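The exercises below are meant to be worked through with the sequence and the 3D view side by side. Try each task before reading the solution that follows.

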Amino acid sequence: MRRFLTTGLIFTVVAACTITSLHAATDVVIGSGNFSPIVQDLDKSLDFYADLLGVDAPGTAPRPFGADPALVNFLGTPAGQVRFASVRIPGSPMAVEIVDFKDVDRKPLLPRLQDPGAVRLILIVRNIDTLLAHLKQKGVPVVTAGRAPVNLTQGGKARAVVVKDPDGFFVEIRQPDLLPETTAPATSNVVGARFGLTIADTDQTMRVYRDLLGFQPQIDASFSNDKASNDLMATANAQVRRSLATVPGSTLQVEFLEFKGIERKPLGARIQDPGATRLQLRVRDSDAVVKTLTAAGGTVVTTGGDGGPINMRGLRVALVRELNNLFLVIMAQGAPPAR
């Protein structure tokens, strides 16, 4: 049975500890949380992700909208209502935590993969052909050129294909040469996941994630023009610069892509817009992290906290839009550390 989150269970509780120097990027981020697509219809998205991930069918419990003051202030939508539900990804520390708003202006974003702020949920699978055939039968749109998997490496077995969910979020289905170790059941086709983000500028983005948040990325030295990659993402003739990093304190890997040689348009997302995305980061000191992110060009969306985190059910939380229009949930346990 699919488990539905109450507002009190949206965030994972973390241990609080004072950070001696945030700018040294030592032990700043201590874990990852969920990937949250903002959608137009929660029920429709739940059905899609449950089917995609091969988990149990949705239950019949009602999923009402609510306007809990702390929650809507945290989200920066004090006049709106919101509801949540999640689907666990087999073999991954990350769940798909789906978010739906009402009573607030919304505008679907419909990003392209090359647009800064576009997100990919990257699923690692045992058998790409079985899953893709099932999705095609369901009428799921396939982005990849030729509507078939592409070979990622010459002479290798790694293949991938990109599809879209009901709100236009991109899902890359990837079958690697060798399957990683996994906690997924032996019966699960999906065995893990990564988070992919299209960025505006690699150097600027790495100054935030590497220098301020403590990620240790592997960064391509230059752009490359790879036909397999362009076919995969339907970005003909584009050049791509890739970076890969593991979230500190977590096994979740994040793939950053910067495109050039192709038209790009930043999303300009608001948190309530279908197509916007949240990613949860667990930190030791949310107040210090939020100050650092805003100094680096981020924008605090949360209201009621004088431009910083608020207290919510034993957590110190804030929603920050970073420079690529990804909404970061910055969360720590308890009150702010003494200064």
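The protein chain shown here has six helices and 16 strands, and the model is a predicted one. Of the 339 residues in the chain, 54% are buried.

**Exercise 1. Decide how helix α6 is placed in the fold, and describe its two ends.**

Step 1. Begin with the extent of the helix, which runs over residues 286-295, and note that seven of its 10 residues are buried, so that α6 can be described as mostly covered, given that buried means under 20% relative accessible area.

Step 2. Next, list the residues concerned: Ser286, Asp287, Ala288, Val289, Val290, Thr292 and Leu293 are the buried residues of α6.

Step 3. Look for what covers them, and you will find parts that include helix α4 (202-209) together with the strands β12 (277-283), β13 (299-300), β15 (315-321) and β16 (327-333).

Step 4. Turn to the N-terminal end of α6, where Asp285 acts as a cap, with a side-chain oxygen that lies 3.2 Å from the backbone nitrogen of Asp287. Just after the helix, on the other hand, Gly297 takes a positive phi of about 105°.

**Exercise 2. Find what the side chains of Arg278 and Gln280 contact, and say whether these residues are buried or exposed.**

Step 1. Locate the two residues: Arg278 has its place in strand β12, and Gln280 is found in strand β12 as well.

Step 2. Compare the accessibility values with the cut-off of under 20%; Arg278 counts as buried because its relative accessibility is 0%, and Gln280 counts as buried because its value is 0%.

Step 3. Follow each side chain to its partner. The side chain of Arg278 makes a polar contact with the side chain of Glu97 at 2.7 Å, whereas the side chain of Gln280 reaches the backbone nitrogen of Asn34 at 2.8 Å.

**Exercise 3. Examine the aromatic pair of Phe35 and Phe169, and explain what it ties together.**

Step 1. A search of the whole structure finds five aromatic pairs. In the pair formed by Phe35 and Phe169, the ring centres are 6.3 Å apart and the planes make an angle of 85°, which means that the pair is edge-to-face, since planes over 60 degrees apart are given that name.

Step 2. Place both residues in the chain: Phe35 lies in strand β1 (residues 29-39) and Phe169 in the loop between β6 (159-164) and β7 (170-175), so the pair ties together parts that are 134 residues apart in sequence.

Step 3. Check the surroundings of each ring, and note that Phe35 is buried with a relative accessible area of 1%, while Phe169, at 4% relative accessibility, counts as buried too.

Step 4. Finally, add Phe195, which forms one aromatic cluster with Phe35 and Phe169.

**Exercise 4. Describe the largest cavity and the residues that line it.**

Step 1. A search of the whole structure finds four cavities of 30 Å³ or more, and the largest cavity holds about 50 Å³ of space.

Step 2. Read off the lining, which consists of Phe195, Leu197, Tyr209, Phe215, Val247, Val254, Phe256, Leu279, Leu281 and Leu326.

Step 3. Sort these residues by class, and the lining turns out to have 10 nonpolar, no polar and no charged residues.

Step 4. Relate the lining to the strands: β8 (190-199), β11 (253-260) and β12 each supply at least two residues.

**Exercise 5. Work out why the phi values of Asp103 and Asp306 deserve a second look.**

Step 1. Start from the general expectation, which is that most residues other than glycine have a negative phi.

Step 2. Now read the two values: phi of Asp103 is near 60°, a positive value in a residue other than glycine, and Asp306 has a positive phi of about 50° although it is not a glycine.

Step 3. Place both residues in the chain; Asp103 is in the loop between β3 (95-102) and β4 (119-125), and Asp306 is found in the loop between β13 and β14 (310-312).

Step 4. Close with accessibility, where exposed means over 50%, so Asp103, with a relative accessible area of 51%, is exposed, and Asp306, at 85% relative accessibility, counts as exposed.

Terms used:
Residues are numbered from 1 along each chain as its sequence is written. This is a predicted model: local features need pLDDT of at least 70, side-chain atom pairs count only at pLDDT 80 or more; totals for chains, interfaces and linings use all residues. Side-chain values use heavy atoms; hydrogens and water are left out. Buried means under 20% relative accessible area, exposed over 50%, partly exposed in between (1.4 Å probe, protein chains only). Helices (H or I, at least four residues) and strands (E, at least two) are DSSP runs, numbered from the N terminus. Contact means heavy atoms within 4.5 Å. A polar contact is a pair of N or O atoms within 3.5 Å; within protein, one must be able to donate a hydrogen and the other to accept it, and residues adjacent in sequence count only if both atoms are side-chain atoms. Rings of Phe, Tyr and Trp (its six-membered ring) pair if their centres lie within 6.5 Å; planes under 30 degrees apart count as stacked, over 60 as edge-to-face and the rest as tilted. On a 1 Å grid over the protein atoms alone, a cavity is a set of points where a 1.4 Å probe fits but cannot get out, and a pocket is an open set with protein on both sides within 12 Å along at least five of seven lines; lining residues have an atom within 4 Å of a point. Grid points are joined across faces, edges and corners, and a volume is the space filled by probe spheres set on the points. Ala, Val, Leu, Ile, Met, Phe, Trp, Tyr, Cys and Pro count as nonpolar, Asp, Glu, Lys and Arg as charged, and the others, Gly among them, as polar.
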